[in-house]
There are 2 protein chains.
Amino acid sequence: MLEQKENRVEKISLANWTQVIKPPALRSIHSIISRPGILSFALGQPASDLFPVEKLSKAAAKLLAINSSGLQYELPSQRLKSQIVELMALRGVACEKEQIFLTAGAQQAMALLARLLLNNSGQVLTEEVTYEGLYMVISPYLPNIWTVSTDLESGMNIEAIEQLLQTGARPAFIYSITDGHNPLGISMRSDKRVRLVEIARQYRIPIIEDDAYGFVYYESASEPPLRALDEEWVLYVGSFSKILAPGLRVGWIVAPEELISKLSFIKQAIDIDVSTLSQQIISTFLDEGFLPDHLVKLREGYKLRRDAMLEALDKYFPKEARWRRPTNGIFIWIELPDRVDTNELFRIAVERENVAFIPGHVFSINESDYPTHCMRLNFSNCPAEQIEEGIIRLARVLDSFPAGR
Amino acid sequence: MLEQKENRVEKISLANWTQVIKPPALRSIHSIISRPGILSFALGQPASDLFPVEKLSKAAAKLLAINSSGLQYELPSQRLKSQIVELMALRGVACEKEQIFLTAGAQQAMALLARLLLNNSGQVLTEEVTYEGLYMVISPYLPNIWTVSTDLESGMNIEAIEQLLQTGARPAFIYSITDGHNPLGISMRSDKRVRLVEIARQYRIPIIEDDAYGFVYYESASEPPLRALDEEWVLYVGSFSKILAPGLRVGWIVAPEELISKLSFIKQAIDIDVSTLSQQIISTFLDEGFLPDHLVKLREGYKLRRDAMLEALDKYFPKEARWRRPTNGIFIWIELPDRVDTNELFRIAVERENVAFIPGHVFSINESDYPTHCMRLNFSNCPAEQIEEGIIRLARVLDSFPAGR
C-alpha cells in the first residue's frame, strides 16, 4: 500500500547535482523589482535610456535589407572577430582573430570555459565574495572551492592564493574580475596583476579573467587586464552586454588558438552558435564607427549616477557604514554594522519603502559570514534624479533597523 | 633534461572528457560547402529565400520604436510563452504557459535537459543513427549509450527498447525524433508512439522528444507528438529555427511545471537568457498573425524541392540505391550498395563535381557500420531548379565509384 503510494508520486529522476543547488537569488529578486513604483539599485542592468536604440535599429534594418544571412545559420562572423581584436587593442591587449571565440555573453563564456577545464569534483579557486554567476556555472560539477579574501582597496589576496597553491591546491582555474569587480567595485592594483599572472605561470593554473567592466571607467582608462601580461595562461572574457546591449547576448573569449576548436565543439553542443542577427547588428554598429562616441556618453552618464549615489550616501547613510568610490563598473559595495542582516533589511526595504538592493550573502560562494552585513548597490540602472530619493528611503530603513521590525 | 623539455611544452590542463571527443564533422563540412559554386545538399539549413525577411525586419523596427526593452535583460517573455501554447495546440498538444521554457533553439533545449537529467557516466538510450547534436550534448558526461535499430518505414525499434529495459538498462532519458527524423526522414507510426509512451511510464524513464520538424509536413498534418499522449514523462523540444529563422536562436521545452525552476537555474548559468530582441521579434511576428501563411508557403516551397529531388533520384540514381519519400522534415536518407563508402564518396563529390551531402557515418552514435554506405541529402536549402543538376552530378560520381578513384 505504502509502496503503491510512493510509486504514484514518483517523478522523473534528476541528475545528482540538482539536489544541492541553492535557488538562484537574482531571478527571484528580478521578479520582486519588476513591481511598479519600485526604486531599484538591485540588478546589474545597464541603463536602458542610454542604449543607442536608433543606431542599432538602423543597423538591423540595413543588414536585413542587403540579404537574409542574419536569419540563417552562419559560421561565426570573421568581421566581428576582427573588430574585437581592435577593441582589445584599446584595452592594451595584443591578440589575433584566430584567438577570438564568440559567445552568448560573458556568462556563456564562463560556462564554456568551465566545461573545457573542470572535471566533476574538480577544484576552483576564487574570492569568497564574487559574481554569483560563477557559482551557477560550476555547481553542476560539485566542485571543491578554494577561496581567498579580498582587500577592498587593492583586490584579491594574492599571497593567500600562493599559499593555497604551495600547500597543494590544484584548481582547474582561478576566477578573477580584474576591473570594476562585481559586487565589490574594486579594480586590482597593478603589482597584484603582475604577481597573479606570475603565479599562474609558475603553477600552470589558467586564469579566467572576467572583464565585463574594463571599458566602463570613470577616472582614467583602466589599466591593461591580466591578458595583456600573458597570452598562454589567461583566458579573457569580454562582453557587449555592459557597453552596448545585453538583450543581444554577445560576448567573447580570447584564448590560445589551440583551444578554439574545443570551445567550438562545446558551443555547438550548447546552442550551435551566437544569434547571427545579433552578431551582424553589433558588427554593423561597429563598422559605422558608433562605439567610441557611445562609450563616451555611457561613461559620462554612469559617472553622473555614481557621483549622485556617492553624494547621497555621504549625506544620508549612517556614519558606521563604509564604502569606496569605484573607478570602474556599476556597483558600490557597502559594509554595514555587524548587527545588520541585509537579507532581513532587503525584505523590509522592499515592503516598507519600495526600494531594492542585493543582499551581500548572494555573492558568498563558500557561505562565509562576512557579506551578510553588506549590500551591493547598482547605480547604472536608475535615473540620476531618482538616486537621492532611493538612498533616502534606504537610509530610513537603516535608521529603524532592527528596532523598527 | 627530459623533464625540462616536457615542462616547456606543457599546456593548460583540460577536463578529461575533451580527450575522447570526435571532431564535429558538420562544422568542417560547413567550411567546405561555403566554397563558391558548390551545390550543397549537406547541411540542414532552411531555405534563405523563404525567410519572411521583410516582416521580421518590420517587427524589429516596430518593437524598437516603442521602447528599448528588446536590448535589455528581461524576464522570459510571457507573451511568447502564451503564443507557444497556441502553437502547441495546433500540434495537438494541450499545455500551459507555466510548462513552457524558452531556449536558444532546440539544440540548447537538449543541452539543458541533459544537464538536468544525466549524471557523469550515466546512461542514454537512442537510435544507432540519429541527429549528431545528441552526441555533442552528451559526450562531456562520458555516457553509456544504449542504441536500438530503426525501421525505415515505421521508426524506432520499440521492442528493442523494451528488451533493453527488461534486461536492466536504466537510461536517464530516451531520445526520440518523432516526425521528420534527422537524418532518416521517417515519421514514427502511431502504434509505436503509443507503445513508446507506455514504456516510458512503465519504466519511469523520461523521453526527450525532439520535434524540430513537426510543423514541416507535406501530405496531411503530422500526427500528434508523444507529448500529446503524456505530460509527465515526455519532455518536448520545439524550435523556431526550421519554421521561421535559425539565426534568431529561439526554441522551447514543454516540461512538467516543477522542472521549470531547475531549468531556469541551468539556463541562467549557461547564458542568462534567450536574446530579448529575438524573443520580441518572434513574438511581434506571431502577434501580427503572420505565421500560418508563412507555414503554408514554406511547406509548398519545400514540397516542390522534395518532389524535384525524388524525381531526379528516380531518373538518375543507380538502381541499387534505396530511399523513401519523407512526409516531414527536410532530409532524404539514401542507402547505397555496401561497397560504397560515403566518406570517400564525399571527398570525390566535392573535389570532382562540386556537389556535397553528409556521409552517413556522421550520424552513427555508436560507430556501427550500417550508415557508412548511406548518405543524407537535404532538399530545403537548394533552389528547386538546381536540384536536378546536383543529383546528376552525384549520380556521375556514383557511376564512376570506386573504379574512377
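A residue counts as buried when its relative accessible area is under 20%, as exposed when that value is over 50%, and as partly exposed in between. With that in hand, Arg195(A) comes out as partly exposed, because its relative accessible area is 28%. This is a predicted model, and what follows is a walk through its charged pairs, its cores and the contact between its chains.

Arg195(A) has a partner: its side chain meets that of Glu162(A) in a salt bridge, at 2.8 Å from N to O. Glu162(A) sits in helix H7 (residues 158–166) of chain A and Arg195(A) in helix H8 (residues 190–203) of chain A, so the pair ties together parts that are 33 residues apart in sequence. Glu162(A) is buried, since its relative accessible area is 16%.

Over all chains, the salt bridges come to 48. One of them brings together the side chains of Asp49(A) and Arg305(A), again with 2.8 Å from N to O. Here the link is between distant parts of the chain: Asp49(A) belongs to the loop between E1 and helix H3 (53–66) of chain A, while Arg305(A) is found in helix H11 (residues 291–316) of chain A, 256 residues apart. Asp49(A) is exposed, with a relative accessible area of 54%, whereas Arg305(A), at 6% relative accessibility, counts as buried.

Chain B has a salt bridge between Glu219(B) and Arg306(B), whose closest N and O atoms are 2.7 Å apart. Glu219(B) lies in the loop between strand E8 (207–210) and strand E9 (234–239) of chain B, and Arg306(B) lies in helix H11 (residues 291–316) of chain B, so this pair ties together parts that are 87 residues apart in sequence. Glu219(B) is partly exposed, at 43% relative accessible area, but Arg306(B) is buried, at 1%. Back in chain A, Arg91(A), Asp179(A), Arg193(A) and Asp211(A) are joined into one network by salt bridges that share partners.

Then there is Ser40(A), part of strand E1 (residues 39–40) of chain A. Ser40(A) is buried, as its relative accessible area is 13%. A polar atom of the Ser40(A) side chain lies 3.0 Å from the backbone nitrogen of Ala42(A). Setting aside residues up to four places away in sequence, Ser40(A) touches Ile33(A), Ala356(A) and Cys382(A).

As for the nonpolar interior, the largest core has 180 residues, and those with the most contacts inside it are Phe240(A), Phe317(A), Phe240(B) and Phe317(B). Beyond its neighbours within four places in sequence, Phe317(A) is in contact with residues including Trp323(A), Ile334(A), Leu336(A) and Leu398(A). A second, separate core holds 127 residues, among them Phe101(A), Leu196(A), Ala200(B) and Ile365(B).

That leaves the contact between the two chains, to which chain B and chain A each bring 84 residues. The area buried between them is about 7200 Å², with carbon and sulfur atoms giving 61% of that. Between chain B and chain A there are 2 salt bridges, one of which pairs the side chains of Lys11(B) and Glu258(A) at 3.8 Å, N to O. The count of residue pairs in polar contact across the two chains is 30. Helices of chain B that each supply at least two residues of the side touching chain A include H2 (25–33), H5 (105–117) and H10 (276–287). The largest share of that side, 8 residues, comes from H9(B). By type, the residues of the side of chain B that touches chain A split into 43 nonpolar, 27 polar and 14 charged.

Note on methods
Residues are numbered from 1 along each chain as its sequence is written. Chains are lettered from A and ligands numbered from 1 in the order in which they are written. This is a predicted model: local features need pLDDT of at least 70, side-chain atom pairs count only at pLDDT 80 or more; totals for chains, interfaces and linings use all residues. Side-chain values use heavy atoms; hydrogens and water are left out. Contact means heavy atoms within 4.5 Å. Buried area is the accessible area (1.4 Å probe) that two parts lose on being put together, summed over both. A salt bridge is a side-chain nitrogen of Lys or Arg within 4 Å of a carboxyl oxygen of Asp or Glu. A polar contact is a pair of N or O atoms within 3.5 Å; within protein, one must be able to donate a hydrogen and the other to accept it, and residues adjacent in sequence count only if both atoms are side-chain atoms. Helices (H or I, at least four residues) and strands (E, at least two) are DSSP runs, numbered from the N terminus. Ala, Val, Leu, Ile, Met, Phe, Trp, Tyr, Cys and Pro count as nonpolar, Asp, Glu, Lys and Arg as charged, and the others, Gly among them, as polar. A nonpolar core is a set of buried Ala, Val, Leu, Ile, Met, Phe, Trp, Tyr and Cys residues joined through side-chain atoms within 4.5 Å. Buried means under 20% relative accessible area, exposed over 50%, partly exposed in between (1.4 Å probe, protein chains only).
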